[in-house]
Amino acid sequence: MKAIILAAGMGTRLGSLTKKIPKCMLKIFNQTLIERHVEILRNCGINDIIIVTGHQNEVIDLSNVTYVKNENFKTTNINESLFCALKEWDCSVLVLYSDIIFEQKIISDILESREGIRLAVSLNWKNRYDDRKMHPLSEAENVLIENNSIVQIQKNISKSTLDQQIGEFLGIMLISQEHVKIMLKKYAHLKKTHTGTFHKSQSLSNAYATDMLQELINSEIKITPVITEDKWREIDTVEDLEIAKKLFRQKHF
């Protein structure tokens, strides 16, 4: 098992807090987000960890991890960062956004099966937006679930049928060895042939990981939700950081 932590973003909505550091170097109780990620991964037995850097990459200085820089971080997005690091390994891969804070149990639950593509998802996600005035509900990375499969993934899904559920993707996913190969083949083909918009993004190079996941869904590749209501927060604004500090009042995994 390998893990990829995506930490190339510029974090512009955090203003001066991320002018000289990437978001993953923000601290909660004297531990940076990236340090917490790495500690949780190692607690779960994952020691082969790759961090994709970009903005202020030299500030991230953890030992015993591998660094890959997205040289085009200013003009690309999360999907490009993922494929900077993703290789045809002989194992499954756990992928995490770096600007989140979460309980260790979410990782333990998603690791219970190493098959297919599995996304950590919350169904009670709307409650988290009650106190997020700077990050509206419409910005949530939603999933539409039907028959225990994700049939749509994008921001601001608002309509569902009686046999469907709307959840929020938490920025944590597991990709099996077989599906890593499928994704690499698909991406290589898209790089050669695709032009114009890519799902909800202006281009393939500027795509989110969710755009690539929707491409896989459209190709009839099953993506499974792993439902969790354990503690989790995205940190995208100064307001989010203060909320996370209140929710995670002590160093607890």
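**Close-up views of a predicted model**

**View 1. T32, a buried strand residue.** T32 is buried, with a relative accessible area of 3%. That value falls under the 20% cut-off, so the residue counts as buried rather than partly exposed. This is a predicted model, and here T32 takes its place in strand β3, which covers residues 31-32. Leaving aside residues up to four places away in sequence, T32 touches C24, M25, L26 and K27.

**View 2. The largest nonpolar core, seen around I4.** Welcome to the largest nonpolar core, which has 68 residues; the members that touch the most others are I4, L94 and L119. The element that gives the most to this core is strand β11 (residues 164-175), with six residues. To follow I4 outward, look for its contacts beyond four places in sequence: I50, V52, L82, A85, L86, W89, V93, L94, V95 and L96. In soluble globular proteins, nonpolar side chains tend to be buried together.

**View 3. A second core.** Separate from the core in the previous view is another one of nine residues. Among its members are L33, I235, L241 and A244.

**View 4. F83 and Y187, a stacked pair.** The structure holds three aromatic pairs, and this close-up shows one of them. How are the rings of F83 and Y187 arranged? Their centres are 3.9 Å apart and their planes meet at 10°, so the pair is stacked. F83 belongs to helix α2 (residues 78-85) and Y187 to helix α4 (residues 177-193), so the pair ties together parts that lie 104 residues apart in sequence. Both partners are tucked away from the surface by the accessibility criterion: F83 counts as buried at 10% relative accessibility, and Y187 counts as buried at 9%.

**View 5. Y97 and F169, an edge-to-face pair.** Here the rings of Y97 and F169 form an edge-to-face aromatic pair, with 5.7 Å from centre to centre and 80° between the planes. Y97 sits in strand β6 (residues 93-97) and F169 in strand β11, so this pair ties together parts 72 residues apart in sequence. Y97 has 10% relative accessibility and counts as buried; F169 is buried too, with a relative accessible area of 3%. You have met strand β11 already, as the element giving the most residues to the largest nonpolar core.

**View 6. K231 over the ring of F248.** For a last stop, find the face of F248: K231 lies over it, at 6.0 Å from the ring centre.

Definitions and conventions. Residues numbered from 1 in each chain as written. Predicted model: local features only at pLDDT ≥ 70, side-chain atom pairs only at ≥ 80, totals over all residues. Heavy atoms only, no water. Helix = DSSP H or I, 4+ residues; strand = E, 2+ residues; numbered from the N terminus. Buried < 20%, exposed > 50% of the residue type's maximum accessible area, 1.4 Å probe, protein only. Contact = heavy atoms within 4.5 Å. Core = buried A, V, L, I, M, F, W, Y, C linked by side-chain atoms within 4.5 Å. Phe/Tyr/Trp six-rings, centres within 6.5 Å; stacked < 30°, edge-to-face > 60°. Lys NZ or Arg CZ within 6 Å of the ring centre and 35° of its normal.
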